[in-house]
Amino acid sequence: MTKKSRGLLPGLFIITLAYFSLGFVSILFANLAILCMALPFILLSRAKKKVWCQRYCPRASYLNQIGKKHNRKNNPRIITSGKARYYMLWYFGLNLLFITGSTTQIAMGNMEAMPYIRLFIAIPLVPLPQVLQVAVPPFLLHLSYRLYSMMLSTTILASILALIYRPRIWCAICPIGTLSGKALSWMKE
């Protein structure tokens, strides 16, 4: 009997690349982010440990790939002390609040959809060219762009950190990892 392999499954980084590429095919694929946010908690409830972070996280695999061969600076105190974890959790919560609130307002007809990318909530960019033009309600188009924007913003930040410090330093401040860690500690109480 062979010992189970540990660590991330090989090749998961392709999922991250596919996610951002599919946004050019149809921005509606951006809604897969909801699955990426739910799966860690589904796996946690079944396995009673953070198997998403340890084995299945496509972003962690991507960060391992891009951060392999770089000289490293010492990790910043703000990250190693744990303060950045809570800043990112606040950013994530604020982002989800804006996404939910604005999507609801659009669905109710109280505001116009924003069919373009916004980095870090505030920096408007451009709409993505779309290979497939699909007629959908404005709120769904808006939701898709907002989720894509959030995933792109955090991936850019994680990539910069991986290139400067160590590949998976993002994992120390990942909001999903933080929340699943808290959920795990509640489950053990």
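**Figure 1. Serine 26, in the loop between α1 and α2.** In this predicted model, serine 26 sits in the loop that joins α1 (13-25) to α2. Is serine 26 buried or exposed? Serine 26 is buried, with a relative accessible area of just 6%, and the cut-off for buried is under 20%. Setting aside neighbours within four places in sequence, the residues in contact with serine 26 are Gln130, Leu132 and Val134.

**Figure 2. The whole chain, for orientation.** Here's the overview to keep at hand while you look at the close-ups. The chain has eight helices and two strands. Starting from the N terminus, the order is α-α-α-α-α-α-β-β-α-α. The radius of gyration is 18 Å, close to the 16 Å from the globule rule for 189 residues, so the chain is as compact as a globular protein of that length. Along its principal axes, the C-alpha trace spans about 55 × 40 × 40 Å. Of the 189 residues, 39% count as buried. Take the contacts between residues at least 6 apart in sequence: 82% of them join residues at least 24 apart. The chain exposes about 11,100 Å², with carbon and sulfur atoms supplying 67% of that area.

**Figure 3. Helix α6 and what its buried residues pack against.** Helix α6 covers residues 83-107. At 1.5 Å a residue, its 25 residues should span 36 Å, and the end C-alpha atoms are indeed 36 Å apart, so the two values agree. Which residues of α6 are buried? They are Ala84, Met88, Tyr91, Phe92, Asn95, Ile99, Ser102, Thr103 and Ile106. A quick reminder for reading that list: an α-helix has 3.6 residues a turn, so residues three or four places apart point the same way. The buried residues of α6 pack against α2 (32-47), α5 (77-80), α7 and α8 (175-188). Just after α6 comes glycine 109, with a positive phi of about 80°.

**Figure 4. Methionine 150 in helix α7.** Methionine 150 lies in α7 and is buried, with a relative accessible area of 3%. What does methionine 150 contact, leaving aside its neighbours within four places in sequence? The answer is Met37, Phe92, Asn95, Leu96 and Ile99. Phe92, Asn95 and Ile99 may look familiar: they are among the buried residues of α6. Methionine 150 and isoleucine 121 are 29 residues apart along the chain, and their C-alpha atoms are separated by 7.5 Å.

**Figure 5. Arginine 85 and threonine 178, a contact between α6 and α8.** Arginine 85 is found in helix α6, while threonine 178 lies in helix α8. Arginine 85 is partly exposed, with a relative accessible area of 30%, whereas threonine 178 counts as buried at 8% relative accessibility. Not counting residues up to four places away in sequence, arginine 85 touches Ala172, Ile173 and Thr178. With the close sequence neighbours left out in the same way, threonine 178 is in contact with Arg85, Leu89 and Ile173. How far apart in space are arginine 85 and cysteine 174, C-alpha to C-alpha? They are 6.8 Å apart, though 89 residues separate them in sequence.

**Figure 6. The nonpolar surface patch around phenylalanine 120 and leucine 125.** Phe120, Ile123, Leu125 and Val126 make a nonpolar surface patch of about 340 Å². Phenylalanine 120 is in the loop between β1 (118-119) and β2, and leucine 125 is in the loop between β2 (123-124) and α7 (138-164). At 34% relative accessibility, phenylalanine 120 counts as partly exposed. Leucine 125 also counts as partly exposed, at 40% relative accessibility. Check the backbone of phenylalanine 120 while you're here: its phi is near 50°, a positive value in a residue other than glycine.

**Figure 7. Lysine 48, with a positive phi.** Most residues other than glycine have a negative phi. Lysine 48 has a positive phi of about 60° although it is not a glycine. Where is lysine 48 found? Look in the loop between α2 and α3 (51-56). Lysine 48 counts as partly exposed, at 49% relative accessibility; the cut-off for exposed is over 50%.

How values were computed. Residues are numbered from 1 along each chain as its sequence is written. This is a predicted model: local features need pLDDT of at least 70, side-chain atom pairs count only at pLDDT 80 or more; totals for chains, interfaces and linings use all residues. Side-chain values use heavy atoms; hydrogens and water are left out. Helices (H or I, at least four residues) and strands (E, at least two) are DSSP runs, numbered from the N terminus. The radius of gyration is taken over C-alpha atoms; the globule rule is 2.2 Å times the number of residues to the power 0.38. Buried means under 20% relative accessible area, exposed over 50%, partly exposed in between (1.4 Å probe, protein chains only). Contact means heavy atoms within 4.5 Å. Accessible areas come from the Shrake-Rupley method with a 1.4 Å probe; for residues, only the protein chains shown count as cover. Patches are made of residues with over 30% relative accessible area and no salt bridge: like charges are joined within 9 Å, nonpolar side chains (Val, Leu, Ile, Met, Phe, Trp, Tyr) within 5 Å. A salt bridge is a side-chain nitrogen of Lys or Arg within 4 Å of a carboxyl oxygen of Asp or Glu. The expected span of a helix is 1.5 Å times one less than its number of residues.
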